[in-house]
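Hi,

Here is the structure I promised to pass on. Have a look at it first, and then read my notes below.

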Amino acid sequence: MAAKTVLLVDDSRVARMMTRRLIEVSRAGWTVVEAASGEEALEQYAGAKPDFVVLDVNMPGMGGMETARRLKALAPDLPVTLLTANIQDPVRLQAEALGVGFLTKPVREDALLDFLSGGAP
Amino acid sequence: MIDFVGDAERDAVTELLNIAIGQAAASLSQLVEDEVRLSVPFVDFLTPSQAVTRLEEETQGADSVAVRQHFEGHFYGDILLIFPERRSLDLVRHMLGDQVPLEQLTELEQEALLEVGNIILNACLGSLANQLGLPVEGSLPTYVRGRGARILNLGEAKGLPGHEEMVMFLHVDFALLTKDVNGYLAFVMDIVSARHFVEAVQAYVAEQMAG
């Protein structure tokens, strides 16, 4: 599998560490780029040109939902998933309406790998 | 005098909480790869000082660490995940694995507990909201360390309707089966919010019974 780049967006450094570890173990050679906010994610997107984006929802400043909306406007085919502790149905429905995935924390390795394989989370 | 929660309502609240806390326990279990044992949730109406005393008795007067999240919606209040201070680093170690050196573990302790709290509290709140069909908006979680009064922060509730009367204190104990880590999960709502919450539970039960 060709090496890809994943943009990981979460205001929690620990959450980023845990998700990064899963990706690095199962996708050796891939590049993981991190952002701690929605604003930073949009800046990183321009430079890193990620193949996948994994987004927390509740973050200070621009939340994950708005960030997903803006990323999809820039790149409609970019695979984006939310990765959130907020398991409420309205959040799931908003993700569906935006055309982005919905993964819940703590992330399950198989679900994350499905997403990184191009499958629907 | 609390006269709006009869036995049937208390039973329904306990059952909904059982499900919500079960969801939270499943998340915690996955994070730390251990079975989580839960007590039966209990619902009490206490004055703020009684709530503080209750928590201090359970923590044996020692400092605790807590992650607190405020939530707003049809009902509102605070939800807290509370650990004895001496156990918090163990929990973080189980969560991040053995590869992380102790110095880094200590540095990351607060952030790791915030993330644990974020996952557990949202699992519980989200399950309640989904069951009742009433969305709740949670704030970003905050980290607190100290004794009961500081953890519960009930002083800040002064001025809210009902504060001078009582708070509804919903509480469950949990323990990791093999790792000697235990803690508490608590909801605190003032009486106005508690009344809205109980009404929502009554409506939910009536809907379920109607099939």
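Let's start where the two chains meet: the contact takes 18 residues from chain B and 14 residues from chain A. On the chain B side, α1 (7-32) and α4 (102-132) each supply at least two of the touching residues. The biggest giver there is α4(B), with 13 residues. If you sort the side of chain B that touches chain A by class, you get nine nonpolar, seven polar and two charged residues. Before you go further, keep in mind that this is a predicted model.

Next, the insides. In soluble globular proteins, nonpolar side chains tend to be buried together. Here the largest nonpolar core has 69 residues, and the ones with the most contacts inside it are B:A24, B:V116, B:I120, B:C124, B:L185 and B:A186. Which helix gives the largest share of this core? That is α4(B), with 13 residues. So you'll meet α4(B) twice, as it also gives the most to the side of chain B that touches chain A.

If you want one residue to click on, try B:V116. Leaving out residues up to four places away in sequence, B:V116 touches B:L31, B:V67, B:L91 and B:M95. There is also a second, separate core of 28 residues, which includes A:L7, A:A68, A:V91 and A:F102.

Now for chain A as a whole. Chain A has five helices and five strands, and from the N terminus on its elements run β-α-β-α-β-α-β-α-β-α. Its radius of gyration is 13 Å, close to the 14 Å that the globule rule gives for 121 residues, so chain A is as compact as a globular protein of that length. Along its principal axes, the C-alpha trace of chain A spans about 35 × 30 × 25 Å. Buried residues make up 45% of the 121 residues in chain A. Looking at the contacts in chain A with a separation of 6 or more, 59% are between residues 24 or more positions apart.

One last stop, back in chain B: B:A203, which lies in helix α6 (residues 191-210). Is B:A203 buried or partly exposed? With 13 other C-beta atoms within 10 Å, B:A203 is partly exposed, because a residue needs 20 or more to count as buried. Its C-alpha atom is separated by 8.4 Å from that of B:L132, although the two residues are 71 apart along the chain.

Have fun turning it around on screen!

Methods
Residues are numbered from 1 along each chain as its sequence is written. Chains are lettered from A and ligands numbered from 1 in the order in which they are written. This is a predicted model: local features need pLDDT of at least 70, side-chain atom pairs count only at pLDDT 80 or more; totals for chains, interfaces and linings use all residues. Helices (H or I, at least four residues) and strands (E, at least two) are DSSP runs, numbered from the N terminus. The radius of gyration is taken over C-alpha atoms; the globule rule is 2.2 Å times the number of residues to the power 0.38. A residue is buried if 20 or more other C-beta atoms lie within 10 Å of its own, exposed if 12 or fewer, and partly exposed in between; C-beta atoms are placed from the backbone. Two residues are in contact if their C-beta atoms, placed from the backbone, lie within 7 Å. Ala, Val, Leu, Ile, Met, Phe, Trp, Tyr, Cys and Pro count as nonpolar, Asp, Glu, Lys and Arg as charged, and the others, Gly among them, as polar. A nonpolar core is a set of buried Ala, Val, Leu, Ile, Met, Phe, Trp, Tyr and Cys residues joined through C-beta atoms within 7 Å.
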